[in-house]
Amino acid sequence: MAHPVQLSLQDATSPVMEELITFHDHAFMAMSLISFLVLYALLSTLTTKLTNTKITDAQEMETIWTILPAIILILIALPSLRILYLTDEVNDPSFTIKSIGHQWYWTYEYTDYGGLIFNSYMLPPLFLNPGDLRLLEVDNRVVLPIEAPVRMMITSQDVLHSWTIPTLGLKTDAVPGRLNQTIFTATRPGVYYGQCSEICGANHSFMPIVAELIPLKIFEVGPVFTL
């Protein structure tokens with residue numbers, strides 16, 4: 001039996017993800033109304049006796065079914081462009097952390113803390129503790145602060161990867177020879193999981209991402225790592 005978290009989007013932990021969930025609901029409502037309207041028209045056509053078979057022209061109807069879809073597309077496109085702008089804006093981050101994708105693990109560099117570097121590997125099932133998530137837990141979590149804009153610099157050393165944490169609304173490709181960046185502001189502490197979302201090889205499904213978000217006051221004292 002599916003759990004609630006498996007039936008819909010994960011709870012938002014950043015303002016961008018909140019906007020994405022709102023846009024999802026907005027677009028889904030428009031799609032539902034269109035689907036019910038088309039279904040009603042099909043059922044009416046199949047069950048109603050056609051009495052006006054000699055009508056060959058209906059300018060008013062053609063005008064309506066041309067303009068109405070255009071209006072619906074505009075109502076969907078405007079909030080979509082707004083969210084696209086929000087996800088691409090990088091403005092005065094408080095911290096910068098670099099993530100490097102490998103086959104098949106992640107390397108994190110805390111450039112603001114003396115160049116601290118460590119690797120993050122998936123924990124084998126034999127090393128899991130009670131309550132740990134299989135294929136999602138790692139030996140070294142990336143520790144990040146909440147209530148502060150964090151910039152992630154993402155690249156790869158071999159093939160294409162993708163640094164993704166759904167609850168934060170993050171999905172940025174790691175491309176060899178290219179340095180991509182994304183920014184986010186977490187709103188609540190906790191441990192959040194993600195996975196590489198690019199098919200990067202045989203062990204693609206075994207390079208998870210675990211972000212441990214802690215209050216800003218604790219992070220300012222010094223990052224806490226499980227090394």
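Arg 82 is partly exposed, with 46% of its relative area accessible. The model it belongs to is predicted, and this residue is a convenient place to enter it. Arg 82 takes part in a salt bridge with Glu 19, and the closest N and O atoms of the two are 2.9 Å apart. Glu 19 sits in helix 1, residues 15-47, while Arg 82 sits in helix 2, so that the pair links distant parts of the chain, 63 residues apart. Glu 19 is partly exposed as well, with a relative accessible area of 26%.

Helix 2 spans residues 59-88, and Leu 68 is found in this helix. Leu 68 has a relative accessibility of 42% and therefore counts as partly exposed, since that class covers values between the 20% limit for buried and the 50% limit for exposed. Together with Met 61, Ile 64 and Trp 65, Leu 68 makes a nonpolar surface patch of about 430 Å².

The salt bridges can now be taken as a set. The structure holds 3 of them, including the one between Glu 19 and Arg 82. Another brings together the side chains of Glu 137 and Arg 141, at 3.1 Å from N to O. Arg 141 also meets Glu 212 in a salt bridge, here at 3.6 Å from N to O. Arg 141 lies in the loop between strand 3 and strand 4 (142-145), and Glu 212 lies in strand 10 (residues 208-214), so this pair ties together parts that are 71 residues apart in sequence. Glu 137, Arg 141 and Glu 212 are thus linked in a network of salt bridges. Glu 137 counts as buried because its relative accessibility is 3%. Arg 141 is buried too, with a relative accessible area of 19%; the limit for that class is under 20%.

Not every charged residue has such a partner. Glu 109, in strand 2 (residues 105-110), is buried yet has no salt bridge. The nearest side chain of opposite charge is that of Lys 98, 4.4 Å away. Why does a separation of 4.4 Å leave Glu 109 without a salt bridge? A salt bridge requires a side-chain nitrogen of Lys or Arg within 4 Å of a carboxyl oxygen of Asp or Glu, and Lys 98 is 4.4 Å away, so the pair does not qualify.

Lys 98 lies in strand 1 and is partly exposed, with a relative accessible area of 25%. Neighbours within four places in sequence aside, Lys 98 is in contact with Thr 107, Tyr 108, Glu 109, Met 153, Thr 155 and Leu 179. Counted in that way, the contacts of Glu 109 are Thr 96, Ile 97, Lys 98, Ile 100, Leu 116 and Ile 117. A separation on another scale is found between Lys 98 and Glu 62: these two are 36 residues apart along the chain, and their C-alpha atoms are separated by 54 Å.

Aromatic side chains provide a further set of links. The count comes to 4 aromatic pairs. One of them is formed by Phe 95 and Phe 219, which are edge-to-face, with 5.0 Å centre to centre and 80° between the planes. Phe 95 is in strand 1 (residues 95-102) and Phe 219 in helix 3 (residues 216-221), 124 residues apart, and the pair links these distant parts of the chain. Both Phe 95 and Phe 219 are buried. Tyr 108 and Phe 118 form a tilted pair, 5.8 Å centre to centre with 40° between the planes. Here Tyr 108 in strand 2 is linked with Phe 118 in strand 3 (residues 116-120), 10 residues apart. Tyr 108 and Phe 118 are buried, and with Tyr 110 they form one aromatic cluster.

Some details of the backbone remain. A cis peptide bond, with omega about -5°, joins Gln 103 and Trp 104. Trp 104 is placed in the loop between strand 1 and strand 2. Leu 135 is not a glycine, but has a positive phi of about 70°. Leu 135 is found in the loop between strand 3 and strand 4 and, at 25% relative accessibility, counts as partly exposed. Glu 147, also not a glycine, has a positive phi of about 60°. Glu 147 lies in the loop between strand 4 and strand 5 (150-156), and counts as exposed because its relative accessibility is 57%.

Technical notes:
Residues numbered from 1 in each chain as written. Heavy atoms only, no water. Helix = DSSP H or I, 4+ residues; strand = E, 2+ residues; numbered from the N terminus. Buried < 20%, exposed > 50% of the residue type's maximum accessible area, 1.4 Å probe, protein only. Lys, Arg positive; Asp, Glu negative; His and termini not counted. Contact = heavy atoms within 4.5 Å. Patch = residues over 30% accessible without salt bridge, like charges linked within 9 Å, V, L, I, M, F, W, Y side chains within 5 Å. Areas by Shrake-Rupley, 256 points an atom, 1.4 Å probe, with all protein chains shown as cover. Phe/Tyr/Trp six-rings, centres within 6.5 Å; stacked < 30°, edge-to-face > 60°.
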